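Here are a few short exercises to work through with the model open in your viewer. Try each one before reading its solution.

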Amino acid sequence: SDLLKGKVAVITGGARGLGVNMTYGLAEAGANIAITYLSSEESATKLVKDIEAKYGVTCRAYPMRVTDAEQVQATIAKINEDFNAIDIFVANAGISIQGNAETFDFADWKNIFDVNVNGVFYGIQSVSKYMLEQGSGSIIAISSISAKIANVPQAQCAYNSSKAAVSMMTKCLASEWATRGVRVNAICPGYMNTDMLGDIFKKSPHLEEAWTNRIPMRRIGDPDELKGAVLFLAGDQSSYVTGTELVVDGGYTA
Ligand code: NAD
């Protein structure tokens, strides 16, 4: 489709996991894309080549640690210079660490908040500078159903708390920027088949069946099923939508 033709999209952690699916979704809709990656330069380069060959859009990859505020500002500035605009920002990079609250490591707690909350804000503030200047932009934060429910018997107090912060952050920023052309929304994925989930199931194999049985659709989501949510929030079809959460979870939190 031509839904996002000529638009410039930036996605953090775009070379791995759900980020890859969302990157393909944006490219299929005609957007030019800047992918930021943490360590996987090789897979990022491969992805860039594949995207450009398949969709004829411009795609580039930038190393960026989302917890390094100065590096985030500098990288976003470089992307704006290279692409001459930033229209869409997907704050996707995130980490998850499980563990019982009573013994949860403080360093892990800080690390989760640093990536999932601080990292998201550094990115959003950095792109807002350019979006507010041009008077338009769509910001999409990847939150989680974990922002909405405790989800026992999972022990993920830090992760859930961090995602709740992301969901509230989107509402506050949406309200601040609503009259200035910049929309801010969150997507709350449920269980999607990715490395992150694979790691959890490897450690606790009983969880796969238990979780699947609690999903009304009785299946884990395909990562490609996030594309529609991203495209809707990124493009003009959602022109009157800001400060909301789009839940993509097979009915899990219904
Ligand atoms: P993933 O581990 O495959 O990908 C996470 C991405 O974040 C990677 O690209 C990684 O490089 C990047 N990242 C991590 N720390 C970083 C840092 N300090 N600086 C820069 N980049 C960093 O996991 P995923 O499942 O693809 O998760 C993507 C997003 O979706 C996350 O925000 C996650 O919380 C959310 N989410 C995932 C699921 C699921 O079922 N997989 C469900 C709900 C929400």
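Two strands count as paired if DSSP finds at least two bridges between them. Keep in mind that this is a predicted model.

**Exercise 1.** Find the bridge partner of Ile 142 in β6, then work out how β5 and β6 pair.

*Solution.* Start from Ile 142: its partner in β6 is Ile 187. Next, look at the whole pairing: β5 (residues 137-142) and β6 run in the parallel sense, with six bridges between them. Finally, trace the connection: together with helix α5 (residues 157-177), the two strands form a right-handed β-α-β unit.

**Exercise 2.** Which strand does β6 join through four bridges?

*Solution.* That's β7 (residues 245-248), and the two run parallel. For a concrete contact, pick Ala 186, whose bridge partner in β7 is Glu 245.

**Exercise 3.** Are the two faces of β6 covered or open?

*Solution.* Begin with the pattern: in a regular strand, side chains alternate between the two faces of the sheet. One side of β6 has Val 182, Val 184, Ala 186 and Cys 188, all buried. The other has Arg 183, Asn 185, Ile 187 and Pro 189, buried as well. Eight of the eight residues in β6 (182-189) are buried, so the strand is largely enclosed by the rest of the structure.

**Exercise 4.** Describe what surrounds the ligand.

*Solution.* Count first: the shell has 26 residues, the closest being Gly 13, Arg 16, Gly 17, Ala 93 and Gly 94. The elements giving two or more residues to that shell are α1 (17-28) and α6 (195-203). Now sort by character: 13 are nonpolar, 10 polar and three charged.

How values were computed: Residues numbered from 1 in each chain as written. Predicted model: local features only at pLDDT ≥ 70, side-chain atom pairs only at ≥ 80, totals over all residues. Buried ≥ 20, exposed ≤ 12 C-beta atoms within 10 Å, placed from the backbone. Right-handed = clockwise from strand over helix to strand, strands pointing away. Near = placed C-beta within 6 Å. Nonpolar A, V, L, I, M, F, W, Y, C, P; charged D, E, K, R; others polar.
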